[in-house]
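Grab a coffee and have a look at this model. A few exercises follow, each with a worked solution.

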Amino acid sequence: MSGPSEPAPRAGGAPPSKPPLAPTTRELDVLIRARYPILYVNTWEEERVERCLREIAERRRKNLFVWTITQGIVKSGSEPNRAKGGTGSTCDPIAALDSVVDQLEPAIYLFKDFHHFTEDNRANVSVIRRLRDVAHHLRDTYKTIVISAPVTRISQELSKDVTLVDFGLPGTAEFGELLDRILEDVRGKPGIRIDLDDAGRERLLSAARGLTLKEAENVFAKTLVLDGRLTGDDVDVVFGEKQQIIRKSGLLEYYASQASLQNVAGLDNLKDWLAKRSVAFTHRAKEFGLPAPRGVLLVGVQGCGKSLCAKAAANLWNLPLLRFDVGRMFSSLVGSSEENVRQALRVAESVAPAVLWIDEIDKALAGSGGSGGSDGGTSARVFGTLLTWLSEKTAPVFVMATANDISHLPPELLRKGRLDEIFFVDLPTLEERREVFRIHLAQRGRDPAGFDLEALARGSEGFSGAEIEQAVVEALFDAFSGDGELSTAVVANSLAQTVPLSRTMSEELVRLRNWASGRSRLATGTRSESGDGGRRKIEL
Ligand SMILES: Nc1ncnc2c1ncn2[C@@H]1O[C@H](COP(=O)(O)OP(=O)(O)OP(=O)(O)O)[C@@H](O)[C@H]1O
Ligand SMILES: [Mg+2]
């Protein structure tokens with residue numbers, strides 16, 4: 001890059017007493033000062049981008065112009081001119097770019113929604129060409145183009161001229177400013193009571209993490225309208241808002257579950273592992289030097305309690321459970337895009353500490369179809385986004401991934417460092433089956449002591465937990481329709497009518513066990529049926 005370097009603010013410029021820039025603003029400031037010609041900010045928060053740029057422009061004594069397709073180029077802050085449709089002539093994207101070149105003053109140009117003209121599309125050929133010329137021209141000037149758009153659409157040709165900027169969600173300081181502004185506005189208004197001590201303010205601001213500035217503004221206003229008060233207890237309203245956002249993201253859902261580890265039979269190794277980490281997300285553990293656990297992968301036979309354990313873990317740790325919908329990640333409904341996944345992960349981080357439950361992750365892998373796939377590699381890239389996040393995440397988001405089909409699991413996922421442990425969940429042992437019967441009979445209001453659990457457990461070899469549960473339910477129907485009470489005989493009869501999946505899929509099971517041995521830890525502590533003293537333990 002040749003030409004003049006960025007001038008320091010002119011004499012009398014930014015006084016040293018000015019507060020430091022927020023991290024996102026600082027990043028933009030650095031790129032602008034280093035004279036990156038075209039920045040592309042992927043965000044929904046165009047107002048916030050504009051505010052950041054205004055701050056930078058003021059400090060650097062530059063003009064800030066805004067381009068929209070309806071108004072053309074106008075000075076930031078000027079009223080929209082409906083009658084004339086702005087300056088009219090610069091509504092056209094090429095005319096707008098020409099006008100950027102013609103301008104001599106140092107300036108920042110915020111182009112809103114320009115992504116329609118930067119995506120790979122024959123209709124955009126001229127705009128893209130012009131943009132590349134402009135990028136070349138801008139390198140020797142004090143002018144910068146900043147494109148802000150909710151999606152990333154950058155044609156291949158532009159990839160070297162355009163710099164992508166990750167515009168993080170606002171931090172506590174920005175929420176603090178917002179809150180101050182709102183408080184200032186409502187101060188002294190009749191019927192409004194502000195009851196916010198430092199601790200309450202802290203709670204409110206940290207609850208807002210993960211919201212955009214606009215969303216936070218809405219929710220703060222909502223709490224005021226609801227009861228005319230603003231207190232630390234309003235975090236509930238903020239959380240309510242967050243749940244909505246999580247729902248809107250399309251990929252995540254808050255999963256309310258009552259499942260507890262007491263309702264999970266067996267799987268002692270896994271349960272111990274989880275129990276040991278109950279305190280791992282506390283402040284005390286962090287001070288002690290414990291790293292927040294990253295996550296586990298539960299691989300295993302269908303219906304043996306993998307999903308159940310994921311739900312129970314969140315309850316055990318008292319953390320919110322977010323279910324990541326892998327199926328939808330590739331559905332056209334949500335749009336299989338990296339942005340969506342990144343956005344969902346950001347939201348998950350914002351509610352941290354939390355458990356992120358990625359159920360049936362193998363489905364995503366089947367979709368990603370190796371390196372290329374039928375969709376031009378989109379799914380592979382989307383899955384790559386998830387993998388990268390897994391290894392780089394710093395927020396205490398515990399990942400609980402489950403899978404049945406190991407044939408698609410890529411080695412990258414299994415590498416140490418991404419997850420803490422891989423557990424193999426096998427068919428329940430004799431004792432575990434006894435326990436499954438006990439749990440499911442009790443859950444349906446029957447006293448397990450009135451049943452011969454030993455006989456039932458022996459009669460259900462090869463059954464999964466889900467199949468045992470199903471047999472109990474079936475037996476209940478039989479008893480009810482036969483006007484009798486549920487008994488060992490009725491349950492045994494229902495078992496006899498069921499062909500467990502393990503029998504029809506025995507080859508599959510052998511393959512799964514072979515894969516697991518040496519790669520994973522057994523979720524079950526002991527396997528007494530093997531007849532070898534019952535201590536077959538596979539260590540990672
Ligand atoms: N170890 C167990 N203890 C108690 N109940 C169990 C156990 N395993 C399975 N079940 C019962 O079976 C149901 C289904 O199990 P779950 O959904 O957890 O299986 P999964 O391993 O996730 O299966 P899939 O691979 O098909 O998703 C559970 O809701 C529970 O009622
Ligand atoms: Mg499951």
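Here are some ground rules, then the exercises.

This is a predicted model, in which local features need pLDDT of at least 70, side-chain atom pairs count only at pLDDT 80 or more, and totals for chains, interfaces and linings use all residues. Residues are numbered from 1 along each chain as its sequence is written, while chains are lettered from A and ligands numbered from 1 in the order in which they are written.

**Exercise 1.** Work out whether Thr 388 is buried, partly exposed or exposed.

*Solution.* Start by finding Thr 388 in helix α16, residues 378-392. Helices here are DSSP runs of H or I, at least four residues, numbered from the N terminus. Next, count neighbours: Thr 388 has 15 other C-beta atoms within 10 Å. The cut-offs are 20 or more for buried, 12 or fewer for exposed, and partly exposed in between, with C-beta atoms placed from the backbone. So Thr 388 comes out as partly exposed.

**Exercise 2.** Describe how α1 and α2 are oriented to each other.

*Solution.* Take α1 (residues 23-33) and α2 (residues 46-60): they pack at about 55 degrees, with axes 10 Å apart. Axes are lines fitted to C-alpha atoms over the stretch in contact, and angles run from 0 to 180 degrees between N-to-C directions. Now sort the angle: under 35 degrees is roughly parallel, over 145 roughly antiparallel, 65 to 115 roughly perpendicular, and the rest oblique. That's why α1 and α2 are called oblique.

How values were computed:
Helix = DSSP H or I, 4+ residues; strand = E, 2+ residues; numbered from the N terminus.
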